[in-house]
Amino acid sequence: MKALQGVEGHVEWLEEPSPTCDVGQVRIRVAAAGLNRADLLQRAGLYPPPSGASPVLGLECSGVISEVGPGSSWQVGDRVCALLAGGGMAEEVVVDARHVLPVPEGLSLIEAAALPEVYSTAWLNLFQLAGLKPGEKVLLHAGASGVGSAAIQLCKAFGSPCWVSVGSAQRLAYCEDLGAQGGVVRTDGIEGLRDFGPFDVILDPVGGNYAALDLKLLALDGRWVLIGLMGGREAQLDLAQVLGKRIQLLGSTLRSRDDQFKADLFSDLSQHVWPLFAEGRLSPQLARTFPIKDAEAAFAELATNQIAGKLVLVIDENLT
């Protein structure tokens, strides 16, 4: 099979051995794969895959099941999308059958490729780890990102008002259209978020230079969920605020979680989140698609940080 590899800071579509399909696994003929910041980091050599995971790029994909290992209830021909530790940007991928969900009713395979990683991340961190309750106020940094787009919709669907920080007025309007109450453009200064706080939960992929303000913006018993370090890995914090407000700081990554954890997460998504797509309360926010031959251009576009929503690579247009 062919697969996309990060090679010395760029990507190449190379021949790779086809993986075997064992007990409890399924083989997916890949139609499309979502592009995430983790792929940018891996291409640059800064985010190696977990031990035992495929070195091929791609943390999510959609496609059609072509082989079913013993112990799985999936059928050959099922249209699915999957969460992966790696390997999605390839002609085929083998994955734990518990990390697979059906393509939601009414969605295409291309749209479905944009769902697993961002909705898993948003649901895990807001609802499972932070324990978000209806009516609690949420701040989403990088609100127009793929994760931010999913998080806004989930907050709206489950009754928690949210605000955002974003990179442009256009992206702020995009977030408000999705359901955000408002927010700030970071070039105007994120101190303006004080006007909307305090917040019960902050979902933060920035860290570093946002950290001190995050502490000030959090309410009593606030939960600060750190999922990235786009703003740097070091910060000076007033720990008296952590004590005085009883703040919980939660560091969270999904890629390195074990198979059972991801299976439990997908079971939760299947029950609470996936039905909302058919109801029209959630939708994939697909900014643009690229054919796999233009993968380098897709990576370059994501690196501009100007994207509202998700980019998807089309692997096999005959399936879509």
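## Strand 8 and the cysteines

Strand 8 is joined by three bridges to strand 11 (residues 199-204), and the two run parallel. Keep in mind that this is a predicted model. Within that pairing, V138 of strand 8 sits across from V201 of strand 11.

Strand 8 also pairs with strand 9 (residues 162-166), again in the parallel sense, this time over four bridges. Here V138 has C162 as its bridge partner in strand 9. So much for the sheet partners; now for the connection. Strand 8, helix 4 (residues 146-157) and strand 9 together form a right-handed β-α-β unit.

What about the side chains of strand 8 itself (residues 138-141)? V138 and L140 point one way, while L139 and H141 point the other way. Whichever way they face, all four are buried.

Now to the cysteines. How many disulfides turn up in a search of the whole structure? The search comes back with zero. Two cysteines, C61 and C175, show how far off the nearest sulfur is:

| Cysteine | Nearest cysteine sulfur | Distance |
|---|---|---|
| C61 | C81 | 8.3 Å |
| C175 | C162 | 8.1 Å |

A disulfide needs two cysteine sulfur atoms within 2.5 Å. C61, with its nearest cysteine sulfur 8.3 Å away, is in no disulfide, and C175, at 8.1 Å from the sulfur of C162, is in none either.

Are these two cysteines buried or exposed? C61 has a relative accessible area of 0%, so it is buried. C175 counts as buried too, because its relative accessibility is 0%.

Definitions and conventions: Residues are numbered from 1 along each chain as its sequence is written. This is a predicted model: local features need pLDDT of at least 70, side-chain atom pairs count only at pLDDT 80 or more; totals for chains, interfaces and linings use all residues. Side-chain values use heavy atoms; hydrogens and water are left out. Buried means under 20% relative accessible area, exposed over 50%, partly exposed in between (1.4 Å probe, protein chains only). Two strands pair if DSSP finds at least two bridges between them. A crossover is right-handed if, with the strands pointing away from the viewer, the path from the first strand over the helix to the second runs clockwise.
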